[in-house]
Amino acid sequence: IDHELDYPKRPEEMDWATHYPQYFTSTSSDDTPTSSKQVEWADVGCGFGGLLMALAPMFPDTLMLGMEIRMSVTKYVTDRIAATRQAQSLLPADSTEHQSGGFQNVSVIRANSMKHMPNFFKKGQLSKMFFLFPDPHFKNRKHKARIITTALIAEYAYVLRPGGILYTVTDVKDLHEWMAHHLRAHPLFTPIPNEDLVDDPILKAARTATEEGRKVERNKGDKWVACFTRKEDPED
Ligand code: SAM
């Protein structure tokens, strides 16, 4: 519920220093923290954080953020990241367990991604958005309550920069068809043929590294993938 959710009025007011202390310096309250870095990848409905934990050491220079609406799950991911950062900081630099970036580039927020995307991100800030195994109760959900709708796609297009990629993976075929259909119909997105992404390590992680993706694998379920590029804004 909204009044229990904490979100900035606008992206400039977001305190990223608590999330990425190595990249943003905490400043006095009347100063906005500044950094040459900004969050570029968002895992929407990140669940227990498996994707982020896989990608963080693979792309140590990219700031990535999980967004999760459930409080307890968000807390779990927060603790998971903190524990991993702590463990990494205690390792000798030449240790074989040492991971590039020390997980300083990953964080999570409790947020309703269907409502507050533009509160957290500026126009064109993101270069990747992940929607992995969303909406398990897709069929019973009313259209407006779905995570991919025409109205929401416009918001995702707003925060995603031209050339950015939106990834969807699901084990629910009807949901796949729904998401792909709506994204294909949207003027600001163009589909990426699956063949073009077979060697993409990011898509591989998106399919296999989340907790839900692993469960589907254990149950030998199918996975459907649909990825889209954010087009340039039309000239008017
Ligand atoms: N992506 C993860 C994975 O693959 O393991 C989690 C999949 S889980 C089926 C869907 C997640 O989306 C849940 O953790 C749920 O709490 C979260 N979620 C649902 N609606 C959301 C919303 N509007 N904003 C943020 N998170 C949401």
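The radius of gyration is taken over C-alpha atoms, and the globule rule is 2.2 Å times the number of residues to the power 0.38. The model used in these exercises is predicted.

**Exercise 1. Overall form**

Compare the radius of gyration of the chain with the value for a compact globule.

*Solution.*
Step 1. Take the chain length: 236 residues.
Step 2. Apply the rule. A compact globule with 236 residues would have a radius of gyration near 18 Å.
Step 3. Compare. The chain has 18 Å, which agrees.
Step 4. Add the box. Along the principal axes, the C-alpha atoms fill roughly 45 × 45 × 35 Å.
Step 5. Check burial. Of the 236 residues, 33% count as buried.
Step 6. Look at contacts between residues at least 6 apart in sequence. Of these, 74% join residues at least 24 apart.

**Exercise 2. Order of elements**

How many helices and strands does the chain have, and in what order do the elements run?

*Solution.*
Step 1. Count. There are seven helices and seven strands.
Step 2. Read from the N terminus. The order is β-α-β-α-β-α-β-α-β-α-β-α-α-β.

**Exercise 3. Strand β5 and its partners**

Find the sense in which β5 pairs with β4 and with β7.

*Solution.*
Step 1. Locate β5. This strand spans residues 160–170, and eight of its eleven residues are buried.
Step 2. Take β4. It pairs with β5 in the parallel sense, over six bridges. Leu126 has Leu160 in β5 as its bridge partner.
Step 3. Follow the chain from β4 through α4 to β5. This β-α-β crossover is right-handed.
Step 4. Take β7, residues 224–230. It pairs with β5 in the antiparallel sense, over six bridges. Here Leu166 stands opposite Phe228 in β7.

**Exercise 4. The annotated active site**

Is Asp135 buried, partly exposed or exposed?

*Solution.*
Step 1. Place the residue. Asp135 lies in the loop between β4 (126–132) and α4 (150–159). The "active site" label for Asp135 comes from an unreviewed UniProt entry.
Step 2. Count neighbours. Asp135 has 19 C-beta neighbours inside 10 Å.
Step 3. Apply the cut-offs. Buried needs 20 or more, and exposed needs 12 or fewer. So Asp135 counts as partly exposed.
Step 4. List contacts, leaving out residues up to four places away in sequence. Asp135 touches Arg141, Arg146, Ile147 and Leu175.

**Exercise 5. Around the ligand**

Which elements give two or more residues to the shell around the ligand, and which gives the most?

*Solution.*
Step 1. Start with the shell. It holds 21 residues, and the closest are Gly45, Gly47, Ile69, Thr210 and Glu212.
Step 2. Assign elements. β2 (63–68) and α7 (211–218) give two or more residues.
Step 3. Pick the top giver. That is α7, with three residues.
Step 4. Turn to the record. The unreviewed UniProt entry marks a "binding site" that includes Asn112 and Glu212.
Step 5. Look at Glu212, which is found in helix α7. It has 19 other C-beta atoms within 10 Å, so Glu212 is partly exposed. Beyond residues up to four places away in sequence, Glu212 touches Gly47, Leu132 and Phe133.
Step 6. Look at Asn112, in the loop between β3 (106–110) and α3 (117–120). With 16 other C-beta atoms within 10 Å, Asn112 is partly exposed. Beyond residues up to four places away in sequence, Asn112 touches Leu5 and Ile69.

Notes
Residues are numbered from 1 along each chain as its sequence is written. This is a predicted model: local features need pLDDT of at least 70, side-chain atom pairs count only at pLDDT 80 or more; totals for chains, interfaces and linings use all residues. UniProt positions are given in the numbering used here, feature names are shortened, and annotations may be inferred rather than shown by experiment. Helices (H or I, at least four residues) and strands (E, at least two) are DSSP runs, numbered from the N terminus. Two residues are in contact if their C-beta atoms, placed from the backbone, lie within 7 Å. Two strands pair if DSSP finds at least two bridges between them. A crossover is right-handed if, with the strands pointing away from the viewer, the path from the first strand over the helix to the second runs clockwise. A residue is near a molecule or strand if its C-beta atom, placed from the backbone, lies within 6 Å of it.
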